[in-house]
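Please walk through this structure with attention to its charged pairs, its nonpolar interior and its surface.

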Amino acid sequence: MKQLLPPGRTILGFLPLFLFLSPISFAADHNDPNAINSIFGDIEANPADLYDLYGFPSDDSSAGEKVVIALTFASVPATGVFDPDLLYRVLISPNPRVAPPMKNDVNLEALLKYFDAIKDKYLGLKPSEVRVTVGADNRAKVEFLRFPGGNFTASVGLNTSETVTAASGQTIKIFVGGRDDAFFNDLPGFFRSINYAPQFYHVPVTMTNARELPIPKTLLELEGNDLFNFDPANPEHGYTMKKDLPPGPWTWTGTRYKKDEKGNYRFVYTGKDARAGGNVNAVILEMPLAFLTKSPNEDRIINAWGESWVRKASGKIPAIPNERGGGIRATYPWLVPGAILALGIAFLVLGLRGRPRAASATTTAAPGRASKPLIALAILFLLGAIVSGVIAKLRSQQLADLVPAASDEELQQYKLVDTDGQPFADAALNEREDTKQVGANNFALGPSFVRRLAHLGWGFGPSISALGLRTSFDHDNSPISVHKVYDTVHLLDAFKRVKKTLFQELNMPDDSWNKNHKAIPLKRSFEIFVPNVCAIDMDTTGTWPYGRRLEDQVASRFLSLFLDMSPDANGRRYNVETLSDQALWDAAPIEPKTAPNPLRNDKPFLTEFPYLAEPW
């Protein structure tokens with residue numbers, strides 16, 4: 001009997017199957033994820049679109065330490081009016097402060113090991129949570145789940161601050177309603193810097209090749225980049241009006257930055273607040289630290305992140321599947337292992353029966369010998385069934401960990417839409433992709449963050465150098481921004497370029513952030529974005545990156561990652577507020593002479609709960 005498949009071809013034949021069965025891997029701020037991103041011409045604003053998550057120690061410590069957490073989202077159907085098909089979660093996980101990882105071991109292998117260690121910590125984590133839904137009676141149901149003092153539920157009115165008492169006797173302040181948007185930022189400037197067409201042109205969500213166009217990222221306008229350069233004859237382009245996207249190619253073939261007659265560069269930012277006069281809906285909480293943890297003296301880091309979920313039965317947001325884990329494989333995890341097992345048994349039976357011997361004139365047909373190739377194939381299938389069964393078990397566990405709907409009876413009625421932890425983790429690093437909305441569990445995205453930061457660095461690094469500033473990104477002294485994309489194969493090349501950006505300590509402007517004068521190390525970029533949580537340090541003021549206060553200009557602080565934070569020849573150092581220093585821009589060869597983003601909100605914040613300003 002001929003062998004059915006050569007051994008090598010047999011193994012290759014099963015590779016697609018095992019790749020298909022491999023453990024789950026999922027490939028927030030304003031306007032994400034893409035499925036509900038109203039920046040696209042055919043997508044309406046959606047209440048599942050999370051905007052920001054703020055978290056900081058309360059300045060009011062009269063009754064002990066307290067934590068303030070505010071989750072904001074699109075004010076749809078109206079400011080202070082909520083969609084009854086939406087469910088919002090604020091997840092909380094207190095932890096002790098630990099020594100900074102990889103203090104001296106700064107290489108790609110160590111970084112990937114760090115991502116694995118974070119995975120081991122967060123997979124299977126059962127954080128406490130505050131769950132909010134609004135009923136037809138226009139009252140919010142607020143559930144407090146898995147806190148040390150036990151579960152309890154409160155019913156509160158909308159658009160008013162209320163105080164509730166937990167079963168443990170501690171008081172908690174709650175606000176569910178409409179507020180002024182606390183995010184003050186030149187969003188069109190940011191989108192101009194990354195050549196994001198939907199901000200400036202009518203682009204449908206299905207036109208995936210017309211999002212970030214293949215033009216170098218830049219902080220300075222590129223000569224001849226007419227698709228995105230500021231047009232004095234049409235100053236509202238990208239702010240209050242859009243154009244039709246002209247036919248391609250959407251590329252840039254220039255060689256230098258644009259300059260005016262005085263030799264000044266043109267800034268892609270204007271410093272204007274694109275959210276001025278805009279409102280949000282919000283869930284705002286002020287909770288005693290002793291309510292969040294049994295060990296408030298040890299658990300000094302409060303990790304928080306937010307999620308939005310929509311009721312499956314509503315049929316809303318169909319672009320996001322009901323099962324984030326992968327369709328039929330998530331619904332019937334044992335289907336494929338069972339099919340492989342059945343085939344293995346069938347081949348084994350056929351192999352053992354063998355091929356019958358032919359009858360002669362004097363004998364009858366006799367049972368044949370066992371077929372070794374069929375038995376070998378059967379063994380291969382049976383081994384495949386075992387392996388795929390183990391993988392199916394792992395997939396089921398990952399679904400329970402990454403997508404809680406797999407193990408939570410109430411959440412099974414909903415599907416996860418959006419997540420929010422660190423500002424710019426989604427818009428800048430995740431590229432607003434639907435499949436990357438995994439909340440704190442974004443450790444699998446660590447390598448893609450390295451590649452994405454390197455991609456951004458080739459645009460922002462040369463721009464920073466052109467202004468006479470020092471950059472943390474290694475761009476080989478390129479005189480102009482470069483469009484360069486790294487794939488998985490070239491991860492090491494990307495890492496070498498962005499190594500300093502990832503590992504340098506981010507200087508603070510002074511010591512006021514360290515209110516309790518503790519030995520708190522400075523943060524590094526890789527620690528901030530993986531995991532994707534707002535890590536509130538109770539011994540600090542909670543200013544970013546030790547939390548996020550309402551007054552923090554996080555957009556400019558994000559750009560500061562690309563500054564070289566080491567001391568210059570005179571011992572002076574850049575810090576996270578350097579790009580908000582007006583004196584820097586007054587001296588720079590640039591127009592307009594403004595910080596990239598506004599320095600304060602359009603309305604003053606309140607000094608007492610709920611802290612966010614009244615809505616417009």
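Arg-497 is buried, at a relative accessible area of 18%, where buried stands for under 20%, exposed for over 50% and partly exposed for the range in between, computed with a 1.4 Å probe and with protein chains only. Arg-497 forms a salt bridge with Asp-476, and the closest N and O atoms of the two are 2.9 Å apart; a salt bridge here is a side-chain nitrogen of Lys or Arg within 4 Å of a carboxyl oxygen of Asp or Glu. The pair links distant parts of the chain, since Asp-476 sits in the loop between α9 (446-466) and α10 (491-503) while Arg-497 belongs to helix α10, 21 residues apart. Helices (H or I, at least four residues) and strands (E, at least two) are DSSP runs, numbered from the N terminus. In contrast to its buried partner, Asp-476 counts as exposed, at 52% relative accessibility.

The model is a predicted one, in which local features need pLDDT of at least 70 and side-chain atom pairs count only at pLDDT 80 or more, whereas totals for chains, interfaces and linings use all residues. Residues are numbered from 1 along each chain as its sequence is written, and side-chain values use heavy atoms, with hydrogens and water left out.

A search of the whole structure finds 32 salt bridges. One of them joins Asp-181 to Arg-275, with the closest N and O atoms 2.6 Å apart. This pair, too, links distant parts of the chain, 94 residues apart: Asp-181 lies in the loop between β8 (171-180) and α3 (187-193), and Arg-275 in the loop between β9 (265-266) and β10 (279-288). Asp-181 is buried, with a relative accessible area of 0%, and Arg-275 is likewise buried, at 18%.

Another salt bridge is formed by Arg-557 and Glu-577, whose closest N and O atoms are 2.9 Å apart. Arg-557 is in helix α12 (residues 554-559) and Glu-577 in the loop between α12 and α13 (582-587), 20 residues apart. Arg-557 is buried, with a relative accessible area of 7%, whereas Glu-577 is partly exposed, at 25%. Beyond such pairs, Arg-89, Glu-129, Arg-131, Arg-146, Glu-307 and Glu-410 are linked in a network of salt bridges.

Turning to the interior, the largest nonpolar core has 92 residues, a core being a set of buried Ala, Val, Leu, Ile, Met, Phe, Trp, Tyr and Cys residues joined through side-chain atoms within 4.5 Å. Its largest share, 8 residues, comes from α9. Among the residues with the most contacts inside this core are Phe-191, Trp-585 and Ile-590. Apart from this core lies another, of 45 residues, which includes Phe-73, Ala-140, Met-287 and Ile-302.

Which residues does Gln-199 touch, not counting those up to four places away in sequence? They are Ile-39, Pro-188, Phe-191, Gly-238 and Lys-242, with contact meaning heavy atoms within 4.5 Å. Gln-199 lies in the loop between α3 and β9 and counts as buried, at 12% relative accessibility. The C-alpha atoms of Gln-199 and Gly-238 are separated by 5.6 Å, although the two residues are 39 apart along the chain.

At the surface, Leu-341, which lies in helix α6 (residues 335-353), is partly exposed, with a relative accessible area of 39%. Together with Ile-345 and Val-349, Leu-341 makes a nonpolar surface patch of about 240 Å². Patches are made of residues with over 30% relative accessible area and no salt bridge, like charges being joined within 9 Å and nonpolar side chains (Val, Leu, Ile, Met, Phe, Trp, Tyr) within 5 Å; accessible areas come from the Shrake-Rupley method with a 1.4 Å probe, and for residues only the protein chains shown count as cover.
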